[in-house]
Amino acid sequence: MLRRGRFGEWRAFGRRWTSTSEAAAPRKVPIELIKQLRSESGCTVIHAKLALTESDGDLCKAREVLREKFQAQFTKRQNSASSEGMVMAKISQDMRKAALLKLSCETDFVARTDKFLGIIKSACDRVLEKPYSPEELGAACHEEIRDAVGTLGEAIRVDDLLRIEAEPSSSVLSSYVHNTVQPGIGRIGVVVALDSSKVVDDAKRERYWEPCRILRLRFLIFLILMVAGLFHRRLKEFGKHVAMQIAAMSPTYVSADDISAETKRAHTEERTLFLRESGREKKEAEAEALRDTLNWIEDSTLLEQQFIMEDQGHDKVKGAIDALTNELESVIRVKEFRRFAI
């Protein structure tokens, strides 16, 4: 017998009348399965629960459901703008290889998540192991990036990378990262390779070699290793100072010799045209354009920049390198550098 309840619903013999849809409600998913799927995939609780519900509690099918959803999200966000991210710089334990990697995303919030930082660490380790292009590295890390995009909901891509291999005896690698969120990871990253070639004249060689004839071999080996260690430590310390200079001043070239004559001429002509359009006379515009080009060369080349380490007592970077050359009795030069920034 049916009758109206207190709130107007139909009741049968004192019990609430349930519809067919309410009777066919899906069964609850065990919390243990949700925890297991979440720990395996790194997805949210809601994603794990929906995947298990869709697969009727089958863990294997739930993994496939998540992969399909993550792939769909990855494809959807493929062309999204990504102006945030992180840069990582890392040098191998044997000090012979260096990697610099820029991984981008859409927001700073995602760039600071553990999942994003885990991807950039594993990708940087891959670059240290063997050379990659950005496209090849993105393909190698596709599964990690796909799952992260599906979980975080933002585009993640490899923007740029660099791998340097140093000479076993003459090169030293240094790195610096600014605005770090974890060791080696931050907003600006720099890697520098310094070259050194020992130069000793005949008189010095005789002065150093004569005592060595008297010393015992074991002590001589110890002395050589100690001096070599101090030499590389001093060179690595200076390399970090140079990397800090590059991070702060953002040079484009090592020296003025690296700038082609065509580039210098094009810059001068562009400035001359601008000044002529501003109403300057031809000779005045050409003279001022030449001065602007010289200033641009000084700002764009590392060796001509003002050295930011003022306590070292050198006006320019090339002056600091010359002083180190005299100190170590070895010709020091900056072989190459790269700077990545977000």
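A residue is taken as partly exposed when its relative accessible area lies between the limit for buried, under 20%, and the limit for exposed, over 50%. Asn179, with a relative accessible area of 47%, is therefore partly exposed. This residue belongs to a predicted model, in which Asn179 is placed in the loop between strand S7 (171-178) and S8. Although Asn179 is not a glycine, its phi is positive, at about 55 degrees. A second non-glycine residue with a positive phi is Met95, for which the value is near 65 degrees. Met95 is found in the loop between S4 and S5, and its relative accessibility of 31% places it in the partly exposed class.

Across the chain, 13 helices and 10 strands are assigned. Of its 342 residues, 37% count as buried. When contacts between residues at least 6 apart in sequence are considered, 65% of them join residues at least 24 apart.

Four of the strands form an open sheet, arranged in the order S6-S5-S4-S8 with antiparallel pairing. Strand S6 (157-165) and strand S8 (185-186) occupy the edges, and each has a single partner strand, so that one side of each is left without a neighbour in the sheet. Helix H6 (residues 114-129) packs on this sheet and touches S4, strand S5 (97-105), S6 and S8, its direction making about 145 degrees with that of S5.

Within the sheet, strand S4 (residues 84-91) is joined to S8 by two bridges, the two strands running antiparallel. In these bridges Met88 is partnered by Ile185 of S8, while Val87 has Gly186 of S8 as its partner. On the S5 side, eight bridges join S4 to S5, again in an antiparallel arrangement, and Ile91 stands opposite Ala98 in S5. The hairpin of S4 and S5 has five residues between the strands, and it is in this hairpin that Met95 adopts its positive phi near 65 degrees. Strand S4 is mostly covered, seven of its eight residues being buried.

Leu103 illustrates the surroundings of a residue within strand S5. With a relative accessible area of 1%, Leu103 is buried. When residues up to four places away in sequence are not counted, Leu103 touches Glu84, Gly85, Met86, Phe116, Ile119, Ile120, Ile156, Arg157 and Val158. Among these contacts, Glu84, Gly85 and Met86 fall within the residue range 84-91 of S4, whereas Phe116, Ile119 and Ile120 fall within the range 114-129 of H6. Leu103 and Leu161 are 58 residues apart in sequence, yet their C-alpha atoms are 8.8 Å apart in space.

Helix H6 also packs against H8, the axes of the two helices coming within 10 Å and crossing at roughly 170 degrees. This angle makes H6 roughly antiparallel to H8, and the crossing in which H6 passes H8 is left-handed. In this contact, Lys115, Ile119, Ser122 and Arg126 of H6 meet Glu144, Ile145, Ala148, Thr151 and Leu152 of H8. By class, the residues of the contact comprise four nonpolar, two polar and three charged. Ile119 thus appears both in the contact of H6 with H8 and among the residues touched by Leu103. In helix H8 (residues 142-152), the buried residues are Ile145, Arg146, Ala148, Val149, Gly150 and Thr151. Helix H8 is followed by Gly153, whose phi is positive, near 80 degrees.

A second helix pair is formed by helix H11 (residues 261-277) and helix H12 (residues 282-300), whose axes come within 8 Å and cross at roughly 135 degrees. The two helices are therefore oblique to each other, and H11 passes H12 in a right-handed crossing. On the H11 side, the contact involves Thr263, Lys264, His267, Thr268, Arg271, Thr272, Leu275 and Arg276. These residues meet Lys282, Ala285, Glu286, Glu288, Ala289, Leu290, Asp292, Thr293, Trp296 and Ile297 in H12. The residues of this contact divide into six nonpolar, five polar and seven charged.

Notes: Residues numbered from 1 in each chain as written. Predicted model: local features only at pLDDT ≥ 70, side-chain atom pairs only at ≥ 80, totals over all residues. Heavy atoms only, no water. Buried < 20%, exposed > 50% of the residue type's maximum accessible area, 1.4 Å probe, protein only. Pairing = 2+ DSSP bridges. Contact = heavy atoms within 4.5 Å. Axes fitted to C-alpha atoms, helices over the stretch in contact; angles between N-to-C directions. Parallel < 35°, antiparallel > 145°, perpendicular 65-115°, else oblique. Left-handed = near helix turned anticlockwise from the far one by under 90°. Nonpolar A, V, L, I, M, F, W, Y, C, P; charged D, E, K, R; others polar.
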